[in-house]
Amino acid sequence: MTTDAINDQPEHDSHDGEHHDHKMTGLKRWLYTTNHKDIGSMYLWFSFIMFLTGGVMALVIRAELFQPGLQIIEPDFFNQMTTVHGLIMVFGAIMPAFTGLANWMLPMMVGAPDMALPRLNNWSFWILPFAFAILLSSFFMESGAPNFGWTFYAPLSTTYSNGSTAFFVFAVHIMGISSIMGAINIVVTIMNMRAPGMTYMKMPLFVWTFFITAYLLIAVMPVLAGTVTMVLTDTYFGTSFFDAAGGGDPVMFQHIFWFFGHPEVYIMILPAFGIVSTTIPAFSRKKLFGYSSMVYATASIAFLSFIVWAHHMFTTGMPLFGELFFMYCTMLIAVPTGVKVFNWAATMWRGSISFETPMLFSIAFVILFTIGGFSGLMLAMTPVDFQYHDTYFVVAHFHYVLVTGALFSIFAGAYYWLPKWTGYMYNDTLSKWHFWCSLISVNLLFFPMHFLGLAGMPRRIPDYALQFADFNKWVSIGGFAFGLSQLIFLVLVIKCVKGGEKAPAKPWDGAEGLEWTVPSPAPYHTFETPPKID
Amino acid sequence: MNNGESQDKVSKQAQVNAKDVSVKKTVKKLMLIVFGMFGFGFAMVPLYDVFCDITGLNGKPSNVAATYNAATIDTERTITVQFLTRTAKGIPWKFEPMMNEIKVHPGERKTVKFYAKNESVNDIVGQAVPSVSPGRAAVYFQKIECFCFNSQPLKATEDVEMGLQFYVDLDLPDDVSTITLSYTLYDITSSVDS
């Protein structure tokens with residue numbers, strides 16, 4: 001056992017549950033494990049593998065778009081690439097990475113020995129590889145993989161499906177079940193497993209954001225399951241939910257899908273807010289500015305996310321009142337988001353800041369996420385959305401919030417907690433290379449997309465008019481540079497797992513939180529007796 | 001000392017049990033939300049229809065025959081009703097209105113004809129689906145008789161003239177002077193067969 005003051009317990013106290021057993025070895029350890037740290041690591045590795053898989057697809061897309069004309073792949077395969085790239089990055093890379101961070105850190109942050117439902121936790125991870133195996137297997141079928149866009153609009157996914165709809169639907173069902181179980185676990189853990197004395201308003205903001213995100217998941221993943229079920233029965237069982245010939249309505253698909261889809265984008269960004277709200281105070285050596293306003297801002301963003309879905313559909317022919325309603329509600333989201341950005345800036349204000357790699361990623365997050373937020377505001381304005389809709393401007397917008405937003409926050413979190421996970425400090429030089437290469441290439445990759453979109457280049461096309469050639473060349477170069485930069489991270493993590501400079505229990509002098517009170521690497525079992533919170 | 005330790009264990013056990021109970025309670029509540037939201041996803045289908053019926057937002061006119069009961073004809077107003085037809089992908093039919101537009105007074109009953117011809121060598125069942133623009137005029141466009149209420153089977157090379165009898169409701173908003181009625185023709189042979 002540990003020698004730490006808080007966790008110093010006699011051995012015989014820890015034999016009252018099966019998850020306290022000694023760990024098994026080899027493959028069995030990972031298959032049968034109910035330990036939150038093991039499961040967290042598996043989630044993180046899985047998401048990184050998926051990130052590389054989806055990344056390769058992005059590179060295929062960028063290779064084809066390097067020059068105008070069709071060079072490398074057929075349009076149908078191009079569509080499969082954009083579709084599966086989107087699905088993998090959303091459901092395979094970003095979401096499991098957040099779940100992995102939640103698994104690793106939540107129990108330690110609230111002073112719990114493990115997640116509340118450890119077996120469910122094991123299951124929710126282990127069904128994920130099967131979901132993605134089903135999805136990716138469709139590449140090897142005669143009909144090919146899904147080619148209707150990750151938003152699977154009917155009738156593209158129903159009447160005009162290439163035959164991959166069933167694979168797609170079942171894969172999404174399994175991903176959805178996994179997310180719902182993961183979310184239930186997070187909520188139950190936070191509500192029931194907090195150490196005595198840790199009231200809700202004493203929880204770290206990281207815990208708060210995951211708490212609210214889990215509620216969003218529980219509320220909207222079932223709606224997604226319902227949507228894909230309707231698509232399934234429309235395609236194969238002759239129902240007409242979305243088929244006008246049978247009395248259905250294809251526009252209704254978009255309403256139901258975006259009722260899920262908009263909260264989904266906050267599912268991918270609220271945890272990011274939690275991560276940078278942890279790292280920025282640590283490296284500014286100040287308390288987080290406006291903790292309670294952060295909590296309320298997160299909650300109001302979550303609430304507003306349910307009443308803005310139709311801003312994805314301004315061009316479907318909505319009545320004026322609907323367009324105005326959804327426009328103003330969408331713009332309202334800028335207020336709580338602005339509160340957050342202000343609070344991060346105020347936290348750094350007059351702090352004694354040091355620029356370790358987690359902080360670099362966090363600062364980049366604040367600036368670049370704000371750029372993505374501003375382009376979101378532009379898209380929220382109905383009149384101009386008619387110009388931007390379905391152009392590269394939209395692509396630029398959501399990649400700024402998802403790559404330089406969500407992904408950068410995950411990197412920030414990974415660097416911040418790597419010493420706690422592995423027990424070793426990561427290689428600082430490599431991490432700086434990773435950061436600066438990523439930062440420069442990601443902007444080369446996504447910033448010109450704004451101009452392409454404003455000039456009218458439509459998204460989801462394998463070919464384009466000649467006047468877009470120069471920008472596309474630079475975008476593709478940026479894409480390949482960004483993709484290759486991520487291999488630095490892979491090397492760094494492998495090196496850090498294998499060894500390096502020994503990490504102390506608290507490698508960051510400004511860090512706060514219970515996770516730093518246990519030694520590095522965190523012992524297999526922590527907080528079997530809850531710590532005291534004052 | 002020994003006694004105290006076992007008492008400690010008992011109270012710890014009680015704490016664990018209490019925690020288990022509250023965990024189960026929370027899980028049950030959350031599962032209710034999950035199933036509720038799954039149901040809500042499907043409930044959105046009828047809700048959407050009801051919402052659109054009331055507001056006429058999606059331009060979907062009623063699929064039920066209206067009874068003609070306009071007491072008066074408002075000869076002060078003249079409404080232009082335009083007819084559009086299109087065939088969905090994959091149905092080899094000729095399908096067009098026999099007159100492109102007609103002028104009506106609100107409350108006045110009119111009959112127009114549409115022509116359809118199966119230009120293929122197969123027997124095909126077609127289904128016309130109407131849509132009204134502007135959308136908010138949909139609830140005021142009353143069809144007394146329409147070929148779109150039923151499917152239309154046509155043998156190979158057979159043709160048919162199909163009737164539509166309608167009137168425009170007296171309550172039609174004042175700023176609407178033109179109504180466009182558009183029909184899309186779908187091939188529903190496979191779903192009729194099965």
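This is a walk through a predicted model, with a selection to make at each stop.

**Stop 1: the two domains of chain A**

Start by colouring chain A by domain: domain 1 takes in 38-244 and domain 2 takes in 269-528. Put a centroid on each using C-alpha atoms, and the two should sit 19 Å apart. Now select the contact between them, where 37 residues of domain 1 of chain A meet 46 residues of domain 2 of chain A. On the domain 1 side, the elements giving two or more residues are α2 (36-64), α3 (75-110) and α7 (205-236) of chain A. Which of these gives the largest share? That would be α3(A), with eleven residues. Colour this side of domain 1 by residue class and you'll get 27 nonpolar, eight polar and two charged residues.

**Stop 2: the nonpolar cores**

Next, bring up the largest nonpolar core, a set of 172 residues. Both domains of chain A feed into this core, with at least three residues from each. Ile94(A) and Val207(A) have the most contacts inside the core, so show them as sticks. Stay with Val207(A) for a moment: beyond its neighbours within four places in sequence, Val207(A) is in contact with Leu106(A), Met109(A), Val110(A) and Ile190(A). There is another core, apart from the one with 172 residues, and this one has 32 residues. To find it, select Ile124(B), Phe141(B), Leu172(B) and Tyr183(B), which are among its members. As background, nonpolar side chains tend to be buried together in soluble globular proteins.

**Stop 3: helix α13 of chain A**

Select residues 357-380 of chain A, which make up helix α13. Try the distance between the end C-alpha atoms: it comes to 34 Å, which agrees with the 34 Å that 24 residues should span at 1.5 Å a residue. Is this helix mostly enclosed or mostly open to the outside? It is largely enclosed by the rest of the structure, because 17 of the 24 residues of α13(A) are buried.

**Stop 4: some backbone oddities in chain A**

Just before α13, pick Arg350(A), in the loop between α12 (334-348) and α13 of chain A. Its phi is positive, about 60°, although Arg350(A) is not a glycine. Arg350(A) is exposed, because it has 9 other C-beta atoms within 10 Å.

Then go to Asp390(A), in the loop between α14 (382-388) and α15 (392-422) of chain A. Asp390(A) is another non-glycine with a positive phi of about 60°. With 14 C-beta neighbours inside 10 Å, Asp390(A) is partly exposed.

There are cis peptide bonds to check too. One runs from Ala154(A) to Pro155(A), with omega near 5°; look for Pro155(A) in the loop between α5 (128-137) and α6 (165-192) of chain A. Another runs from Ser520(A) to Pro521(A), with omega near -5°, and Pro521(A) lies in the segment after α17 (469-498) of chain A.

One more pick in this chain is Asn443(A), which sits in helix α16 (residues 428-454). Asn443(A) counts as partly exposed, because it has 17 C-beta neighbours inside 10 Å. Draw a C-alpha to C-alpha distance from Asn443(A) to Ala396(A): they are 47 residues apart in sequence and 10.0 Å apart in space.

**Stop 5: chain B and its strands**

Switch to chain B and colour domain 1 (1-55) and domain 2 (79-193). Their C-alpha centres are separated by 52 Å.

Inside domain 2, start from β9 (178-187) of chain B. Strand β1 (residues 79-87) of chain B runs parallel to β9(B), with eight bridges joining them. To see one pairing, select Phe83(B), which stands opposite Leu181(B) in β9(B). How does β5(B) run relative to β9(B), parallel or antiparallel? Those two are antiparallel, joined by eight bridges. For this pair, select Gly126(B), whose bridge partner in β9(B) is Asp187(B).

**Stop 6: where the chains meet**

Finish by selecting the contact between the chains, with 26 residues from chain B and 24 from chain A. On the chain B side, α1 (2-55), β5 (124-133) and β9 (178-187) each give two or more residues. The most come from α1(B), which gives 16 residues. Coloured by class, the chain B side shows 16 nonpolar, nine polar and one charged residues.

Methods. Residues are numbered from 1 along each chain as its sequence is written. Chains are lettered from A and ligands numbered from 1 in the order in which they are written. This is a predicted model: local features need pLDDT of at least 70, side-chain atom pairs count only at pLDDT 80 or more; totals for chains, interfaces and linings use all residues. A nonpolar core is a set of buried Ala, Val, Leu, Ile, Met, Phe, Trp, Tyr and Cys residues joined through C-beta atoms within 7 Å. A residue is buried if 20 or more other C-beta atoms lie within 10 Å of its own, exposed if 12 or fewer, and partly exposed in between; C-beta atoms are placed from the backbone. Domain bounds come from an automatic or database domain assignment. Two residues are in contact if their C-beta atoms, placed from the backbone, lie within 7 Å. Helices (H or I, at least four residues) and strands (E, at least two) are DSSP runs, numbered from the N terminus. Ala, Val, Leu, Ile, Met, Phe, Trp, Tyr, Cys and Pro count as nonpolar, Asp, Glu, Lys and Arg as charged, and the others, Gly among them, as polar. The expected span of a helix is 1.5 Å times one less than its number of residues. Two strands pair if DSSP finds at least two bridges between them.
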